[in-house]
Amino acid sequence: MQITLAVHGMTCGHCEKAVKGAVEELNGIQGVEVHLNTNKVDVTYDDVYVSKEQIESAIEEQGYDVVS
């Protein structure tokens with residue numbers, strides 16, 4: 001599956017690494033691309049192992065807001 005999430009609060013390379021690292025730690029993640037210029041995060045994942053809600057929670061735990 002692939003989703004694109006709108007994430008508010010990302011402003012720099014550190015933000016990008018924090019979000020990418022948190023999502024990549026989840027089981028079932030196949031790819032993560034963070035786009036600072038558009039505040040979007042593209043995630044490719046296997047929904048057998050991880051849910052959209054788990055991905056959103058991992059990002060929010062880093063201090064960023066996921067906007068639906």
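When I speak of a contact in this talk, I mean heavy atoms within 4.5 Å of each other. With that in mind, let me start at I55, which touches I3, L5, V23, L26, I29, V43, Y45 and V50, leaving aside residues up to four places away in sequence. Please keep in mind throughout that what we are looking at is a predicted model.

I55 is a good entry point to the core. The largest nonpolar core has 19 residues, and among them I55 and I59 touch the most other members. At least two residues of this core come from each of β1, α1, which covers 13–24, β2, β3 and α2, which covers 52–60. The largest share, 4 residues, is supplied by α1. As general background, nonpolar side chains in soluble globular proteins tend to be buried together.

Let me turn now to the strands. Strand β1, residues 2–8, pairs with strand β3, residues 40–45, in the antiparallel sense, and 5 bridges are found between them. One of the residues we have already met, L5, has V41 as its bridge partner in β3. On strand β2, residues 29–35, the arrangement with β3 is again antiparallel, with 6 bridges joining the two, and here G31 stands opposite T44 in β3.

What lies between β2 and β3? The two strands form a hairpin with 4 residues between them, and N39 has its place in that loop. N39 deserves a moment of attention, since its phi is positive, at about 55°, although N39 is not a glycine. As for its surroundings, N39 is partly exposed, with a relative accessible area of 26%.

I would like to finish with the cysteines. How many disulfides does the structure hold? The number is 0, and the pair C12 and C15 shows how the cut-off works. The sulfur of C12 has its closest cysteine sulfur in C15, at 3.6 Å, which is too far for a bond, because a disulfide requires a pair of cysteine sulfur atoms within 2.5 Å. Seen from the other side, the closest cysteine sulfur to that of C15 is the one in C12, again at 3.6 Å and too far for a bond. Are these two residues buried or partly exposed? C12 counts as partly exposed, at 32% relative accessibility, whereas C15, at 6%, counts as buried.

Methods
Residues are numbered from 1 along each chain as its sequence is written. This is a predicted model: local features need pLDDT of at least 70, side-chain atom pairs count only at pLDDT 80 or more; totals for chains, interfaces and linings use all residues. Side-chain values use heavy atoms; hydrogens and water are left out. Two strands pair if DSSP finds at least two bridges between them. A nonpolar core is a set of buried Ala, Val, Leu, Ile, Met, Phe, Trp, Tyr and Cys residues joined through side-chain atoms within 4.5 Å. Buried means under 20% relative accessible area, exposed over 50%, partly exposed in between (1.4 Å probe, protein chains only).
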